[in-house]
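Here is a short report on one structure. Keep the sequence and the 3D view open while reading.

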Amino acid sequence: MTMKPEVGPLPLRRPATGTPDAPAAARTIYRRPILLSAQPTSYCPGCGHGIVHRLIAEVLEELGVADRTILVGSVGCAVFAYDYLRLDAVESPHGRAAAVATGVKRYRPDRVVFTYQGDGDLAAIGTAEIVHAAARGERITVIFVNNGIYGMTGGQMAPTTLAGQKTTSSPLGRDTRTQGYPLPVTELLSLLPGVAYAARGCIAEPGLIGKTKAMIRRAFDVQLEDTGLSIVEVLSTCPVGWGMTPTESMQRLESEVMGAYPVGLFVDRAKGVGQAMPAPVGRASPAGGCAAAAPGPGVPAKEAGPARPAEA
Amino acid sequence: MAVLDRPAGAGRPHVVASPPGTGVEAPLPDRVLMKGNEAIAEAAIAAGCDAYFGYPITPQAELLEWMARRMPEEGRAFVQAESELAAINMALGAAAAGARVLVSSSSPGISLMAEGMSYMAGSRLPVVLVNVMRGGPGLGSIGASQADYLQATKGHGHGDYRVPVLAPSSIAEAIELVGDAFVLAERYRTPVMILADGILGQAMEPVVPRFRSIPKPTADWILEGAAGRDPRVVRSLHIRPDELEEANEVLQATYAEITAKERRWAGESLDGAEVVVVAYGTAARVARTAVERAREDGLRAGLFRPITLWPFPAPALREAAAGARAVLAVELSAGQLVEDVRLAIEGTVPVFHHGRTGGMVPSPDEVVAAMRKAWAVTPGKAPTRPGTVTPETAPGGVR
Ligand SMILES: Cc1ncc(C[n+]2csc(CCOP(=O)(O)OP(=O)(O)O)c2C)c(N)n1
Ligand code: SF4
Ligand SMILES: [Mg+2]
């Protein structure tokens, strides 16, 4: 396996088909997005990372922003994402992607900046970085691939691992008494006024994959609208870490994982979906006056409650 | 000496308005009083720093505060991060995107930044870091210290890498070195550290308010979106051992070039010095006074002040000490600089150490006493007085 990226400048527009010189052949129903390199990936059979890469590639291509997009990588099985997605990219230390992306975006606010992070990366070692990037409302998009496990290091328990789930570091099953409860990061983040968009998708079957793609598309749109941080959590598989076949792992996503982590839209502030926690905003708030009573920017003061996805 | 008409923390002392309509530039005040932390910050802004990231910690906080006001004024990026861990990684991202970046902290915060420094070295990112050292280990004290010498010159993060370390011993010199640090960082694509201490950061000194602007070189590796060219990747990961070794060889070749070309030091009264004092930063200020007093008392003493701590100016020190009878390292630490001094001297001259820790600063007289002791217990190349010498009978006698 070689890690060399393809050479040659990025063809930013797909050549037109069906010209008089080259009459259209059969209708294309499946093709490799231009942004996806032809290089074989390092992912195991049945791994969800490849599907998520493809969705990102399709969305960026459709939006026509690939040539001004910067990928902020992370540490996990997708550490080589920059070999598969033909984008300018920077590597981050484990967990620090949201901070790295903050630095990129603050210096280049006119670029599209996104992180690609696993659940160990984002929900364990990188919790502070993601929470504060969200609190600051950084204009970045976060693609959060939750496979409920540390895939890269051999299938250890992650903060997202389900109660009772066996992993190499919870061999008897995750015991909530000593190993705590699964961490619903997207729900937590959706409480913050800095988060303009938050949704959870899943790659279990084509219909869900299509919905997930629409979420990713909307997340990038929100970044272009410059209203806050956007995050899409994608429930994904790790057949190797789960000790299952690819088919079994897809079935488990639907039968178990989606029960614990409901799929749907949590927040789309521009569309009035989701309510942020009333944030104690000081004198800078448009309403002025008493800090404690003032809701966050764009936050309705009433009906702030626990986040639940708006659609299933 | 002119003094600022506003509190030093409140204005932009280097900007002086021309009298309207005259077309003549108003003369700059000869000198203004500035705190070290503020002078470093303003020097970075003048140099063309595009982005600053930091986290409050004493005795560095004024640097962050100055940037909090001045960077937005200049339309540049400023973020008070949630931790030093986040600050250094914001710096990493901004540098990868082509920004000229400054980050500052003090000892405990630098420990948290160690991970990012290793990644920045591996990714070959130019970033200037300021460590305004305080007492350690642990939470230690907020007093001035030089106890991070080994961390700065040999350590911080993991892996085979080095970071050039510049050590100013006055606020005026700190201003100069900020510009030099950006030049070095960009010339060699490496993080560069300015190693200051709590006294340099907190004290006010008169400085000439002329700050240098540094031209920014073009770079063919920065990330801005792959428009009309191959995508670029900024990374430290080279999973194949042969590729990582190759990348490490590039780093090592860079360090060899830096060592060959960029060592810096200053010498005072070194001609014919019998005792060569080696000190940097605030310790060098004390040592200078001590050397003057010792010379008044008849002890031929000189000061060797390394300005680059890495690369250490070892050949120059060896030469300066060649005719001496003793070398004395003076530092605000239990003995860190002295290790490099010994390595430089290679046993040719006896090396002594005098250090205070925890935020304590030696007095000049204390250093004079240490010099006399070093003189007394060493035989010397050509004894200057007959008989047995003791600290009391060494030149100068007991003060
Ligand atoms: C500071 C640090 N600690 C630990 C590791 C080892 N490590 C690499 S990937 C990883 C976990 C990755 O899990 P996740 O983010 O869920 O990604 P996945 O592989 O499951 O896609 C860990 C702990 C590291 N690289 N750096
Ligand atoms: S270990 Fe799991 S997450 Fe990693 S590539 Fe294999 S299946 Fe995917
Ligand atoms: Mg995972």
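The sections below cover the basis of the model, the domains of chain B, the largest pocket and ligand 2.

## Basis

This is a predicted model; local features need pLDDT of at least 70, side-chain atom pairs count only at pLDDT 80 or more, and totals for chains, interfaces and linings use all residues. Residues are numbered from 1 along each chain as written, chains are lettered from A and ligands numbered from 1 in the order written, and side-chain values use heavy atoms, without hydrogens and water.

## Domains of chain B

Chain B has domain 1 (2-12 + 31-218 + 233-261) and domain 2 (266-376), with bounds from an automatic or database domain assignment. Their C-alpha centres lie 27 Å apart.

In chain B, 31 residues of domain 1 contact 25 of domain 2 (heavy atoms within 4.5 Å). The two domains bury about 2,300 Å², 53% of it on carbon and sulfur atoms; this is accessible area (1.4 Å probe) lost on being put together, summed over both parts. On the domain 1 side, B:Q146, B:Y149 and B:S169 lose the most area, together 32% of what that side buries.

## Ligand 2

Ligand 2 is surrounded by A:Y43, A:C44, A:C47, A:H49, A:C77, A:N147, A:G151, A:C238 and A:P239 (a heavy atom within 4 Å). This shell has six nonpolar, three polar and no charged residues. Ala, Val, Leu, Ile, Met, Phe, Trp, Tyr, Cys and Pro count as nonpolar, Asp, Glu, Lys and Arg as charged, and the others, Gly among them, as polar.

## Largest pocket

By class, the lining of the largest pocket has 15 nonpolar, eight polar and six charged residues. A pocket is an open set of points on a 1 Å grid over the protein atoms alone, where a 1.4 Å probe fits, with protein on both sides within 12 Å along at least five of seven lines; lining residues have an atom within 4 Å of a point.
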